[in-house]
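Me: I would like to go through this model term by term, asking what lies behind each label. Please set the values against the definitions as you reply.

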Amino acid sequence: MSYSDEPVLVTPARRWSAKTAIIAALVLTLVGGIIYIPFYQKNLDHEAHEVRRGPNQGSLYDISINGAPHTLELGWIAPALSAVLTPAPGPGTTLEVAGDFGRETLSWSAEENRFGPAATRIDPYAHHKVKLTLRQDGRILWSDTLWAYGIHDSHAGHGH
């Protein structure tokens, strides 16, 4: 038998195989998602309860167009989104609305004093994150992403 002074390197056994690590990551992601979703919805419901409401019970936002203060109310007519801008915009102004429900361009109705209602029907009690772009004669006057919070049930919970 021969012996050598050379060290023999033994690779340590892996604690986790790649397959086990991937399965563990997927399980953690799934459990995290299941836990996160109710908290996210509860937070949205809280925000919907706390948001300022306009005369049409829509979400009320203070915005600035060309340096002038305006108020935008994202509200509902039947199951359709509409928006009221105060003071009223000039002729030819449109509001582009994009969200998980699609994209639509709403024209200003001077008779109704609002943009819309949208042709797309969506749940007016749900909360929708919407990308809004206000245009006049092809140029952008204002753009932002806001929440169109669903109709608030003032009889549920505490009223303030």
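Me: What stands opposite Tyr61 in E2, and what makes E1 and E2 a pair?

Reply: Tyr61 stands opposite Leu72 in E2. Two strands pair if DSSP finds at least two bridges between them, and E1 and E2 have seven, in the antiparallel sense, so the definition is met. The strands themselves (E, at least two residues) and the helices (H or I, at least four) are DSSP runs, numbered from the N terminus. E1 and E2 form a hairpin with two residues between them, and Asn66 in that turn has a positive phi of about 55°.

Me: What kind of model is this, and how were the values restricted?

Reply: This is a predicted model, in which local features need pLDDT of at least 70 and side-chain atom pairs count only at pLDDT 80 or more, whereas totals for chains, interfaces and linings use all residues. Residues are numbered from 1 along each chain as its sequence is written, and side-chain values use heavy atoms, with hydrogens and water left out. The chain averages a pLDDT (the predictor's confidence in each residue, from 0 to 100) of 86, and 91% of the residues score at least 70.

Me: How does the pairing go on from E2 to E3?

Reply: E2 and E3 are antiparallel and share seven bridges, with Ala83 in E3 as the bridge partner of Leu74. Their hairpin has two residues between the strands, and Ala78 takes a positive phi near 55° there.

Me: Which strands does E7 pair with?

Reply: E7 (residues 128–136) is joined to E4 (residues 93–99) by six antiparallel bridges, and to E8 (residues 139–148) by nine, also antiparallel. Arg135 of E7 stands opposite Thr94 and opposite Ile140 in E8.

Me: Why is Glu96 called buried?

Reply: Buried means under 20% relative accessible area, exposed over 50%, and partly exposed in between, with a 1.4 Å probe and protein chains only. Glu96, which is found in strand E4, has 18% relative accessibility and therefore counts as buried.

Me: What makes the link between the side chains of Glu96 and Arg135 a polar contact?

Reply: A polar contact is a pair of N or O atoms within 3.5 Å; within protein, one must be able to donate a hydrogen and the other to accept it, and residues adjacent in sequence count only if both atoms are side-chain atoms. The side chains of Glu96 and Arg135 make such a contact at 2.5 Å.

Me: Why is the pair of Trp108 and Phe115 called edge-to-face?

Reply: Rings of Phe, Tyr and Trp (its six-membered ring) pair if their centres lie within 6.5 Å; planes under 30 degrees apart count as stacked, over 60 as edge-to-face and the rest as tilted. By this rule there are two aromatic pairs. The ring centres of Trp108 and Phe115 are 4.8 Å apart and their planes stand at 70°, so this pair is edge-to-face. Trp147 and Tyr149 form a stacked pair, with 5.9 Å centre to centre and 15° between the planes.

Me: How do you know that Phe115 and Tyr149 are buried?

Reply: Phe115 has a relative accessible area of 0%, and is therefore buried, while Tyr149, at 7%, also counts as buried.
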